Amino acid sequence: MLGGIQQRLQTTYEMLAAQRRELGYPVYALEHGLSAAELGEIAEAASASIRYSAPSLSHWLVWTALGAEAGYRYSGDEYWPELERRRGEWRSNDYRQQLRSFYRRFAADFSGPQPRGRWAGHFNIIAWPISGAILPRYLQVHFARHLFDLRHALPHAVLEEGDGLGELLLRRYSGTTSRFRDFLQQTGLTTQIVLALRDEATRPLVARIEPSVLRRIVDDLERTREARTYLRDARHILETTKVKIAASLRSKSAPADPTGAVAAQSQRFRVVAKRLQDGTFGLGLAFPDFRRLGVGRDVVAGQRVQVVGDGDRWQPASFLLTFSGKDRGIDAFPAPNAALVAAEGDNVDLARLLAEVAKIEERPAWVLRRHLDGSYREVVGGFVRSDQEYLVLTRASPPASSLDRVGLKRANLNASGAEAFVLRTPARISDQTKAALKELRIGTKTDVSVRPLGIGPRPGNLPSWLATETVILATSADADIKTIVVSLDGADASFITCQDSQALIALEHLSVGRHSLALAPISATGSGWTTPSEQFEFDILAPTPWAESMQGKSGFRLIRTPPTADFESVVSGEASLVAFGPSGRQVHWSLVGYDAAGHPAWDHPLGTSRVGETGGNMPTMLRRACDNYSDEIDEAFQLDIVAKLDELGRQADRYPRAVEPLRWRYEAGAGTVRLVDETDHAETPVVRLYSLASPLDRKTIPLEQALTGVKPDGEGGLFSVRCGDTIQSIFASAPAGKKLRDLADLGVQQALSLPDHKGLAAIRLIDGMRRWGMAKPVGHLALVRRDLTIKRMRDALCGLCCGADFLKILASSRPTRFEQAQQKVGGSQGFGSRMRTTAWPPDFEDAINDFIGYAERYGIETDRQRARAALILAYRPLQLRFDETADKKAFLADLMGRRHLLRGAFLAHAVSRQPSIALKETA
């Protein structure tokens, strides 16, 4: 049976590859053409075939198709159960690398997709079948919503070559699921999906995705009402958007065009200027759009250019693409016929292009017109029109008589090599003024002015509108004209009839990006036209998705301190989360958990607090939630602490939980811990258990047992798995066997077994604290039990360094404990006194210099490395490093013998936690 299916799949995939090869379309494993009933039979037969041997090379396409089907069903949590017909047959075998080799062969033979990005590197086995599944079901709602959010930016991106569309989808995503973000890194794949959705209605001769498979994806998408609405709206924009001038505003009959089209403005560098705050003018150059001139990354790769004003500095030629269509300031006006950009090397095409465009046209005067944004831009042809403001640049100062007759007023220019003059033209330019301008080699033209109507443009370098808005422009002329000819972005001309030399222009469905509208008048006498007399440039912006735009719109803020703190730190009180806003207002808190697909799974209220409240209310609320909803919190793939403040809005503080190829899962119902292994088995994972009763002792657990599920010993245990450099750990806490007296009672007796060698004992305690601190707490009172276990290890480290009697004094609550501890420091009364009375900062880095200074002054320790290590042991033992130490065991053993130094360090740390006592005694 499998042999026949293999031949059938070979024929199907070869046919698809042959159809798509010339167009560069990939073939997907999901396009197998098998029915659901056939897939069920094939899966059973394939499952039976691997009970005693690895998947057969003669059936490699069968496994490729089955793997893609499993990828399509994948929920975002575990992949291998979707591929299994019998529990555990793929979770514990070593056939995974062979499955990956099947997909690599598929990519080579049929131009199949190759996974890319973080997802591909992190999940380097399952990324292959999931990429072959095109769009897994669990991501479909996210995909439809994302297309809807970017629906107005997509039509322009569709016109781009390569993976520009997919890169747009990745760049503009700001949602909640890391899995969907990983999926968007497959920019080639997402580009093909969107284009296939666009082309489905037209039924192209060669489909990007086999129609039945695309219909299957669309049908699954439309099963959810929300996704159906999003997808249909997004596809409507993709299928219908075309750039056009409103038909109702066009002339019924178009006069003849002597030239055949409006002459497009040449692409070259232009002079620009801007009035600065001090009233002077700064000069710059407007770069042409090198992409429209045919300069791509393949042209500039490995090339260097030198730009005017940069001296002798060379920089990568990709600079030209970065500044395409943008302005760049200059300190000196270019010399006559000077090259503005020079190419290095032997790239003839780039050098020839720069020789044509990288210069400004030499003329007696350069005319720069003031635009709506306040910038002055060079007028091609050097002419002026009525009722406008200009900046005129010349290399030499014109005669004073000419300046007076024209009305030129001298201006200060923040650049050398040119003189600057401001000109304000009247509503009607007289013949005398025209003659005076002609003497300065400045022409005059019939003015076609343009101003926005209706929804005003947004401020910026150029006027801008949203893609959802109609751009309405009013035009008028200072002469008697009957028609205005307009051309958008160099397209075919449209003729608009004027009334009283005025007309309205409406532009609809414009693509996102920069646009240029060329206008030319035709006089009432019927005289023709040759070139545009006006260029109106503007930008079209994509609307910001609602979820993205609402960020930062609320009338209050959530501040997490420190910003990098994790959820457990907020629960324990080591980090704070405070709402800042109008004082006295009440904040309603809730905790939201997300499933593997990135959808909200549950929402539990936490309680209320006041704005700005910095007390212990938040940790108390979260601990209560951890007790009541511990199982749901443990299984969540992301947690949001949400604050609502009535009409002021909603803010969410997010705590995503990274999904690793090797991870632990706690199954609360069975009380077991199970290992999820999605690695490539290049190295066998090693599993260890540390029981709560003896948290420093380990025992090895067979991998097969961890994959099926293990119950912790006694009251709980820490499970750790290591594969290469990756370590994942979880602490599972079981319900106590007896009633706990208080939170300080673990419900179990603990034994910290330590070696006699003090250096080894210190290392073992530090490693234990680090190991238990990294473990994710799950189950009954897990966070409390884990933190108390770490505290007992820290107390044991203090006792090892300072002695049990010193530890007992510091741990007491007596008001005289610091005085008693000072007497026990020894070595020098002055040293002990300094330790007690100094206002030690909470960060050891801020305390280290003073501590070393006191140790040296009072003859306690002259070795700065040992003094530093002593303070780190007291403050932050997990940050102790031995980069400059050959034998860390010997170093620590030697340090353990310097009790005066260690007791001083631990006393300083104790004082730092209650600095008010030291300040009071110092005063």
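In this predicted model, the charged end of Arg817 sits over the ring of Phe818, at 4.7 Å from the ring centre. Both residues also belong to a helix-helix contact, since Arg817 and Phe818 are among the residues of α28 that meet α27, together with Gln820, Ala821, Lys824 and Val825, while α27 contributes Asp805, Phe806, Ile809 and Leu810.

Two packed helices are described by the angle between their axes and the distance between the axes. For helix α27 (residues 804-811) and helix α28 (residues 817-825), the axes come within 8 Å and cross at roughly 160°; an angle over 145 degrees counts as roughly antiparallel, and α27 and α28 are therefore roughly antiparallel to each other. The crossing in which α27 passes α28 is left-handed.

A second case of a charge over a ring involves Arg328, whose charged end sits over the ring of Phe323, 5.7 Å from the centre of that ring.

Turning to contacts between rings, a search of the whole structure finds 29 aromatic pairs. In one of them, the ring centres of Trp840 and Phe851 are 6.4 Å apart and the planes stand at 65°, so this pair is edge-to-face. Because Trp840 lies in the loop between α29 (829-837) and α30 (844-857), whereas Phe851 lies in helix α30, the pair ties together parts that are eleven residues apart in sequence. Trp840 and Phe851 are both buried.

Elsewhere, one aromatic cluster is formed by Trp63, Tyr74, Tyr79, Trp80, Trp90, Tyr95 and Tyr138.

Conventions. Residues numbered from 1 in each chain as written. Predicted model: local features only at pLDDT ≥ 70, side-chain atom pairs only at ≥ 80, totals over all residues. Heavy atoms only, no water. Phe/Tyr/Trp six-rings, centres within 6.5 Å; stacked < 30°, edge-to-face > 60°. Helix = DSSP H or I, 4+ residues; strand = E, 2+ residues; numbered from the N terminus. Buried < 20%, exposed > 50% of the residue type's maximum accessible area, 1.4 Å probe, protein only. Lys NZ or Arg CZ within 6 Å of the ring centre and 35° of its normal. Axes fitted to C-alpha atoms, helices over the stretch in contact; angles between N-to-C directions. Parallel < 35°, antiparallel > 145°, perpendicular 65-115°, else oblique. Left-handed = near helix turned anticlockwise from the far one by under 90°. Contact = heavy atoms within 4.5 Å.
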